[in-house]
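Reader: I've got the coordinates open and would like to learn how to read them. Pick a small detail and build up from there, please.

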Amino acid sequence: MGLTPYLAFAKKSFLSKSAYRLDHWMGILNTMIRLFIFVEIYKSLYGTREAVDGITMTMVTTNFILSLCLESFFAVDDFYLSSRINNGSIATEMLLPVSFHGRMLATNLGTAVFKLIFHFIPALLLAIFFIGMEAPAGAGNFVLFILSAILGYGVLWSISFMFQMLSFWLINVWAIMTIKNVFINVLSGSMIPLWFMPKWMSGVINFTPFASIYFSPVQIYLGNIGAAEIGMCFVKQIVWILVLMIIGKLLWIKGQKKMVVQGG
Amino acid sequence: MSFIEVENVSKTFKVSKRSAGIPGMIANMFVPKFEKKEAVRDISLSIEKGEMVGFIGPNGAGKSTTIKMLSGILCPDNGTINVNGYVPYKQRKDYVAGIGVVFGQKSQLQWDLPVIDSFELLRAIYRIPDDLYKKNLDRFVEMLDMGGFINQPVRQLSLGQRMRSDIVAALLHSPQIVFFDEPTIGVDIIGKETIRKFIKELNEQDDVTMLFTTHDMQDIEQTCKRIIIIDKGKIMYDGSLAEIRSKYGTTRQLIAEMNQDMEVASIKDIIIEKQDNRKYSFTFDNQVVDVNRLMHTILDTYNVKDVTVNEPEIESIIQKMYNGEV
C-alpha cells in the first residue's frame with residue numbers, strides 16, 4: 001500500500017523511456033563501440049603476453065564487458081533536482097504527499113528497469129557473442145555478483161544524490177556533475193581496470209566510494225577475492241551508501257530553507 | 001486557535017544584482033553582488049474553517065510567496081505558520097496530503113499525456129479510494145464542462161482548458177484547504193466566469209477553506225466576502241469586501257460602440273453620455289445595476305460593435321490607500 005505512488009512513478013518513467021527509440025538503439029551502439037575500443041587497446045598492450053601481474057586478457061575483457069554493461073543500465077538523472085529548481089517546477093513537486101527522494105529514486109529505477117531489459121541484456125549478449133568473456137567463478141559468486149551490483153547502483157545513486165543537493169545553492173550543477181562523472185569513469189575501473197593502478201593510487205581509491213560501484217561486483221564475479229574480502233566489499237558498499245545519503249539528507253534539510261522558486 | 005494561523009512571518013530572498021551589459025557581466029563573474037529583497041515582511045493573519053479569502057495585490061507584492069509558505073514549499077525566515085495543526089514546511093509530506101494548490105503559472109499535469117492519465121497518476125499518489133475518485137471526477141468534469149477534452153494530451157489544450165484541468169487535479173483528493181494562486185491568469189472572460197462559479201460552489205457546498213490570489217478585482221468581487229490587500233510584502237487591509245467596496249466606490253463605466261449612428265433611450269439608474277455619434281458611455285453603480293443584465297439589454301436592443309467595461313483597478317485602490325483615502 002505504501003509503495004503505490006512510487007510504483008506509479010516508476011511505471012510512468014519506464015513507459016516514457018520507450019518513447020525515444022532511436023536514442024535507445026544509439027545507446028546500445030555507444031556501449032558496443034566503447035567496449036570494442038577498450039578491448040582493442042588492451043589487446044595491443046598485451047601483445048603476445050599471457051598475463052600481466054597475474055591478470056589475463058580475458059579477465060580484462062570481462063571487466064570491461066561487465067562494467068560497461070552495468071553502466072548502461074545504472075540510470076541516474078544527475079539533473080533531476082537542478083532542472084526542477086531551474087524551471088520552478090520544484091514548487092509543484094513539493095506539493096505531492098510523497099518523499100522527494102523516494103520519487104527521484106522511483107523515477108530512476110523505472111528507467112533502470114527499462115534499460116536492464118532493453119539495453120543491458122542485448123548489449124551483454126552481443127558482447128558475449130562477438131568478444132567473449134569468462135564465465136562466473138561459481139554459482140555462489142554469480143549470486144553475490146548480482147547483490148553487489150545492486151549495492152553498486154546504490155553507491156552510484158547516492159553520490160549523484162549528494163551532489164544534486166548542491167543545486168539549492170548553485171542552481172546550475174552541470175560543471176560539478178561533469179567533474180564527478182570524470183572521477184567515476186577513471187576511478188571506478190570502467191575505463192582503466194583498477195588492477196593496473198599504481199599501488200599508492202589503488203590505496204587511495206580504496207578509501208573512496210568509486211571502487212564499490214563496478215569493480216567490487218566484477219572482482220566477485222571473477223572469483224579474484226576470498227570470502228573475507230567479499231564481506232569487506234559489501235560492508236564498504238553499505239557504509240558508503242549510508243554516509244553519502246546522510247550527507248545528502250543534511251544538505252537537503254539545509255537547502256530547503258534556501259530554496260527559491262523561480263519564475264513567478 | 002484559528003484554522004490557518006500566520007504570525008509575524010517574514011521571508012527575504014537574495015537576488016543577484018549586476019549592472020547591464022558585458023562589463024557588468026564580467027564584474028559579476030569575479031565579485032558577485034547580491035541584494036536582499038524582502039518579499040514578505042512581518043505578516044500576521046488568521047483564517048477560519050470554511051472561509052473564502054481573496055488575497056490581492058499588484059505583481060511582486062508577496063502574494064505567491066505567502067501562498068508558497070502556507071503550502072509548505074518555502075520555509076519562512078521568521079515567524080510561525082500553523083494550518084489545521086500542522087507546521088507546513090516541517091511536516092510537509094503529511095500536510096500536503098490534505099491540501100490542494102493551483103498555480104496559474106505552473107501546471108502539475110503531465111505535458112505529453114492525456115489529462116485523464118495525469119488524474120490517474122494523482123489517484124495513485126494521493127491513494128484516493130476508487131469511489132471517491134469516481135465521484136469527484138464525474139462531478140468536477142461536469143461542473144467545469146471538461147468532457148470534450150479530458151482525453152486530449154495536455155500540450156494540445158488551450159490555456160483555459162489546461163487551467164480547468166489543473167483545478168480538478170488539485171481537488172481530486174477532496175482537500176480541506178485549497179490555495180489558488182492566480183487561477184484565472186490569461187483565461188478569457190467565459191473561462192474566468194466558469195472558474196469563479198466553480199470555486200464559489202465548491203466553497204459553499206463542501207465547506208472548503210480557500211485562499212485565492214489574483215490581481216483581477218472581478219475574481220474577488222464575485223467569490224469572496226473577505227479580502228486581504230497586500231503590497232510590498234505588507235498587509236494593507238484585512239476585512240470585508242463590502243466595506244472596502246463602499247469606500248473606494250462602486251462606479252463602473254460601460255462603453256458601447258455601435259455599428260451605425262443612433263440615439264440611445266435612457267435606462268433606469270444609469271447615466272448615459274454620448275461620446276460621439278456611435279459611441280456611448282453608460283455610468284452606473286454596480287451595487288444597484290447588474291452588469292450582466294445591462295450588457296444583455298444593450299446587446300439585445302442595439303446593433304453593437306464593441307463593448308468595454310472600465311473598473312477601478314487594484315493599483316488605484318492601493319494608491320488611494322497610500323493617500324489615506326480609504
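Author: Let's start with one pair: within E7(B), Thr214(B) is the bridge partner of Ile56(B). Keep in mind that this is a predicted model, where local features need pLDDT of at least 70 and side-chain atom pairs count only at pLDDT 80 or more, while totals for chains, interfaces and linings use all residues. Residues are numbered from 1 along each chain as its sequence is written, and chains are lettered from A and ligands numbered from 1 in the order in which they are written.

Reader: How many bridges join E3 to E7 of chain B, and do they run parallel or antiparallel?

Author: In general, strands of a sheet pair through backbone hydrogen bonds, in either a parallel or an antiparallel way. Here, strand E3 (residues 52-56) and strand E7 (residues 209-214) of chain B run parallel, joined by five bridges. Two strands pair if DSSP finds at least two bridges between them. The element names are DSSP runs numbered from the N terminus: helices (H or I) need at least four residues, strands (E) at least two.

Reader: What is the strand order in the open sheet?

Author: Six strands line up as E5-E6-E7-E3-E8-E9 in chain B, and the pairing is mixed. E5 and E9 (234-240) of chain B are at the edges with a single partner strand each, so one side of each has no neighbour in the sheet. From one strand to the next, the twist averages 15 degrees.

Reader: And how do E8 and E9 of chain B connect?

Author: They make a hairpin with two residues between them, and Lys232(B) in the turn has a positive phi of about 50 degrees. Six bridges join E8(B) (residues 226-231) to E9(B), and this pair is antiparallel. One bridge to look up is Ile229(B) with Tyr237(B) in E9(B).

Reader: What span should I expect for helix H6 of chain B?

Author: The rule is 1.5 Å times one less than the number of residues. H6(B) (residues 159-171) has 13 residues, and its first and last C-alpha atoms are 19 Å apart, close to the expected 18 Å. H7(B) agrees as well, because its 18 residues should span 26 Å and its end C-alpha atoms are 26 Å apart. Right after H7(B) comes Asp207(B), with a positive phi near 60 degrees.

Reader: How many residues of H6(B) are buried?

Author: Ten of the 13, which leaves H6(B) mostly covered. Buried is a count of other C-beta atoms, placed from the backbone, within 10 Å of a residue's own: 20 or more is buried, 12 or fewer is exposed, and in between is partly exposed. Among the buried ones in H6(B) are Met163(B), Arg164(B), Asp166(B), Ile167(B) and Leu171(B). They pack against E5 (99-103), H4 (115-125), H5 (130-143), E6 (177-181) and H7 (189-206) of chain B. Packing rests on contacts, meaning C-beta atoms, placed from the backbone, within 7 Å of each other. In H7(B), the buried residues include Ile195(B), Arg196(B), Phe198(B) and Ile199(B), and their cover includes E3, H5, H6, E6, E7 and H8 (217-223) of chain B.

Reader: Why does Gly72(B) count as buried?

Author: Because Gly72(B) has 24 C-beta neighbours inside 10 Å. Gly72(B) lies in the loop between H2 (63-70) and E4 (78-83) of chain B. Leaving out residues up to four places away in sequence, Gly72(B) touches Met94(A) as well as Pro88(B), Tyr89(B), Arg92(B), Tyr95(B) and Val96(B).

Reader: Met94(A) belongs to the other chain. How many residues does each chain bring to the contact?

Author: Chain A brings 21 residues and chain B brings 22. On the chain A side, H1 (4-17), H5 (90-94) and H12 (227-258) each supply at least two residues, and H1(A) gives the most, with four.

Reader: At what angle do H1(A) and H4(B) pack?

Author: Two packed helices are described by the angle and the distance between their axes. For H1(A) and H4(B), the angle is about 145 degrees and the axes are 7 Å apart. Axes are lines fitted to C-alpha atoms, for helices over the stretch in contact, and angles run from 0 to 180 degrees between N-to-C directions. Thr4(A), Pro5(A), Ala8(A) and Lys12(A) in H1(A) meet Leu121(B), Ala124(B) and Ile125(B) in H4(B).

Technical notes. Two residues are in contact if their C-beta atoms, placed from the backbone, lie within 7 Å.
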